[in-house]
Amino acid sequence: MYMIIWEYQVKVDHVADFETIYASNGAWAELFRKDGGYFGTELLQDLDDAQRYITIDRWVSSRAHETFLAQWHDEYEALDAYCKGLTEQEALLGKWESLTHETR
């Protein structure tokens, strides 16, 4: 499994909108669901900073994510542009691959 992890500092007056758009059933997830390689999104809120969030987007592979970006580029860019006004800052924390090891 391939995961992309983002961190956000949300503007205080946009917390509700941010949570709606970035939730596991929000606008981003709706867009990602257009590709069969998307597994889901998790939205996490910092217990010590109510305006700090992390999202974890799960894909079958990096290739599936790249294919999605190529096919849905315009829609992705439009939603991303809209969401810029919701946050003070955002940072890509990394792109991760799950390592599974079978034990006997």
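How many aromatic pairs does the count come to? The count comes to 13 aromatic pairs; the rings involved are taken up in point 4.

1. Overall make-up. The structure is a predicted model. Four helices and four strands form the secondary structure of the chain, and their order along the sequence is β-α-α-β-β-α-α-β. The C-alpha trace spans about 50 × 35 × 20 Å along its principal axes.

2. Burial, contacts and surface. The chain has 104 residues, 36% of them buried. Of the contacts between residues at least 6 apart in sequence, 69% join residues at least 24 apart. The exposed area of the chain is about 6,700 Å², and carbon and sulfur atoms supply 50% of that area. The chain carries 9 positive and 20 negative charges, and the mean positions of the two sets are 7 Å apart.

3. Helix 1. This helix covers residues 15-22, and its buried residues are Val 15, Phe 18, Ile 21 and Tyr 22. They line one face of the helix, because they fall within an arc of 135 degrees when seen down the helix axis. A general point applies here: an α-helix has 3.6 residues a turn, so residues three or four places apart point the same way. Ala 16 and Thr 20 are exposed and sit on the face of helix 1 turned away from its buried side. The cover over the buried residues of helix 1 includes strand 1, strand 2 (38-45), strand 3 (52-59) and strand 4 (87-97), along with helix 2 (27-32) and helix 4 (73-83).

4. Aromatic cluster. Ring pairs link a set of residues into a cluster. Its tryptophans are Trp 6, Trp 28 and Trp 59. Its tyrosines are Tyr 8, Tyr 22, Tyr 38, Tyr 53 and Tyr 76. Phe 18, Phe 32 and Phe 68 complete the cluster. Phe 18 and Tyr 22 also appear among the buried residues of helix 1.

5. Thr 55. Is this residue of strand 3 buried or exposed? Thr 55 counts as buried because its relative accessibility is 2%, under the 20% cut-off. Leaving aside neighbours within four places in sequence, Thr 55 is in contact with Ile 4, Ile 5, Trp 6, Tyr 8, Tyr 22, Thr 41, Glu 42 and Leu 43. Among these contacts, Trp 6, Tyr 8 and Tyr 22 belong to the aromatic cluster.

6. Ile 56. Strand 3 also holds Ile 56, which counts as buried at 12% relative accessibility. Not counting residues up to four places away in sequence, Ile 56 touches Met 3, Ile 4, Ile 5, Gly 40, Thr 41, Glu 42 and Leu 44. Ile 56 and Leu 93 are 37 residues apart along the chain, and their C-alpha atoms are separated by 9.9 Å.

7. Met 3. Which residues does Met 3 contact, leaving aside its neighbours within four places in sequence? They are Ile 56, Asp 57, Arg 58, Gly 94, Lys 95, Trp 96 and Ser 98. Met 3 itself lies in strand 1 (residues 2-10) and, at 17% relative accessibility, counts as buried. Met 3 and His 65 are 62 residues apart in sequence, with a C-alpha to C-alpha distance of 9.5 Å.

Notes. Residues are numbered from 1 along each chain as its sequence is written. This is a predicted model: local features need pLDDT of at least 70, side-chain atom pairs count only at pLDDT 80 or more; totals for chains, interfaces and linings use all residues. Side-chain values use heavy atoms; hydrogens and water are left out. Helices (H or I, at least four residues) and strands (E, at least two) are DSSP runs, numbered from the N terminus. Buried means under 20% relative accessible area, exposed over 50%, partly exposed in between (1.4 Å probe, protein chains only). Contact means heavy atoms within 4.5 Å. Accessible areas come from the Shrake-Rupley method with a 1.4 Å probe; for residues, only the protein chains shown count as cover. Lys and Arg count as positive and Asp and Glu as negative; His and the chain ends are not counted. The place of a charge is taken as NZ of Lys, CZ of Arg, CG of Asp or CD of Glu. The arc is that of the directions from the helix axis to the C-beta atoms. Rings of Phe, Tyr and Trp (its six-membered ring) pair if their centres lie within 6.5 Å; planes under 30 degrees apart count as stacked, over 60 as edge-to-face and the rest as tilted.
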